[in-house]
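Me: I would like a close look at one part of this model: its cysteines. Please take me through them step by step, then place them in the chain as a whole.

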Amino acid sequence: MTLAVRYTSARTLDTTPATASEPGPGEVELAPAYVGICGTDLHIFHGDMDARVATPAVLGHEMAGRIVRVGPGVEGWRPGDAVTVMPLRWDGTCPACRARHQHVCQHLDFIGIDSPGAMQQRWTVPASTLIRLPDTLPLDQAALVEPTAVAVHDVGRAAVKNGEKVVVVGGGPVGILIALVARAAGAEVRVVELNAHRRLLAEELGLSTWNPATADITALVQQWTGEAGADVAFEVSGAAAGVDTAVDVLGVRGRLCLVAIHPRPREINLHRFFWRELTLVGARLYDRGDFERAVALVADGTIPAQHLITKIVPLTEAPAAFEALESGGDVMKILVDCTDDAQGAAV
């Protein structure tokens with residue numbers, strides 16, 4: 001028997017024994033080592049996604065671990081290989097898939113939301129979802145590959161170019177990762193964030209920050225850009241004020257990349273879009289190329305993953321970790337240690 005963390009109802013998680021299923025044709029069994037808790041997991045924890053998530057549900061999609069067993073027909077993988085998982089399973093037949101946009105399949109199974117996720121000691125997934133990790137990359141740092149892949153996709157959707165001026169509105173984990181990926185693409189970056197702890201962390205990573213509570217962000221951007229406005233803005237805050245800021249800072253033909261999930265419609269200044277010929281692009285998830293790029297960025301230290309990890313807790317303490325993240329404060333990224341040695345209760 002192994003252990004799994006399950007969501008059972010709003011604000012209720014349990015840690016329970018689970019039986020690992022033997023990998024079938026085309027599948028592999030993994031031993032997750034570390035699993036990150038992300039904003040989507042918190043939305044599920046709050047009960048906001050009960051219409052989508054079938055309970056009891058094993059959460060988690062930001063992970064790194066090793067292969068335990070391979071099923072029939074699986075080639076190129078063997079037990080012991082270090083891997084992460086691109087947690088997407090598409091049907092291959094819908095219009096989006098036929099247009100080669102499988103990551104936004106119209107019947108997408110997001111593993112960890114629509115089907116069992118990684119917050120367990122054994123996890124069976126399709127071999128097609130595996131992404132190889134370098135043996136030299138620590139597995140705790142590799143757990144940040146998935147959110148880094150999100151950032152790589154976002155920066156690609158916004159078509160950030162060398163020398164451009166970029167404003168990231170929202171300095172949480174994804175916002176910081178977007179800022180780092182954009183900087184690696186040669187952009188000059190400013191991060192707008194209310195939380196003092198997050199601003200300090202960003203500054204320790206060499207990023208410049210602005211506090212919207214004490215500064216006129218639009219005026220600062222005008223000064224920074226010689227009154228031209230920013231080339232690109234990323235809205236990562238999920239707040240109405242963040243949308244306003246992201247629109248207002250853009251210069252002529254600027255691009256706004258919408259990253260945050262807004263649960264309700266927002267008012268937006270369409271006159272600004274008309275007057276400055278702005279472009280709005282959505283960015284959702286990632287593809288395999290984004291994941292492979294993310295592995296490289298974490299492995300070479302461009303993404304200093306170790307500095308984004310606030311703490312690591314054993315799987316049995318995952319419910320308390322969700323509550324800690326919910327409170328905000330001085331928490332950036334919490335990882336759940338799913339290894340057998342970390343639990344003491346696994347049998």
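Reply: Start with the search result. This is a predicted model, and a search of the whole structure turns up zero disulfides. A disulfide is a covalent bond between the sulfur atoms of two cysteines. To count here, the two sulfur atoms must lie within 2.5 Å.

Take Cys97. Its nearest cysteine sulfur belongs to Cys94 and is 3.7 Å away. The cut-off is 2.5 Å, and Cys97 is in no disulfide. Is Cys97 buried or exposed? Its relative accessibility is 5%, so Cys97 counts as buried. The limit for buried is under 20%.

Now Cys257. It is in no disulfide either. Here the nearest cysteine sulfur is that of Cys38, 17 Å away. Cys257 has 0% relative accessibility, so it also counts as buried.

Next, the surroundings. Buried residues make up 54% of the 347 residues in the protein chain. The accessible surface of the chain is about 15,000 Å², and carbon and sulfur atoms hold 50% of that.

How is the chain built? It has 13 helices and 18 strands. Its radius of gyration is 20 Å, close to the 20 Å that the globule rule gives for 347 residues, so the chain is as compact as a globular protein of that length. Along the principal axes, the C-alpha atoms fill a box of roughly 65 × 45 × 40 Å.

Contacts complete the picture. Among contacts with a separation of 6 or more, 69% join residues 24 or more positions apart.

Definitions and conventions
Residues numbered from 1 in each chain as written. Predicted model: local features only at pLDDT ≥ 70, side-chain atom pairs only at ≥ 80, totals over all residues. Heavy atoms only, no water. Buried < 20%, exposed > 50% of the residue type's maximum accessible area, 1.4 Å probe, protein only. Helix = DSSP H or I, 4+ residues; strand = E, 2+ residues; numbered from the N terminus. Rg over C-alpha atoms; globule rule 2.2 N^0.38 Å. Contact = heavy atoms within 4.5 Å. Areas by Shrake-Rupley, 256 points an atom, 1.4 Å probe, with all protein chains shown as cover.
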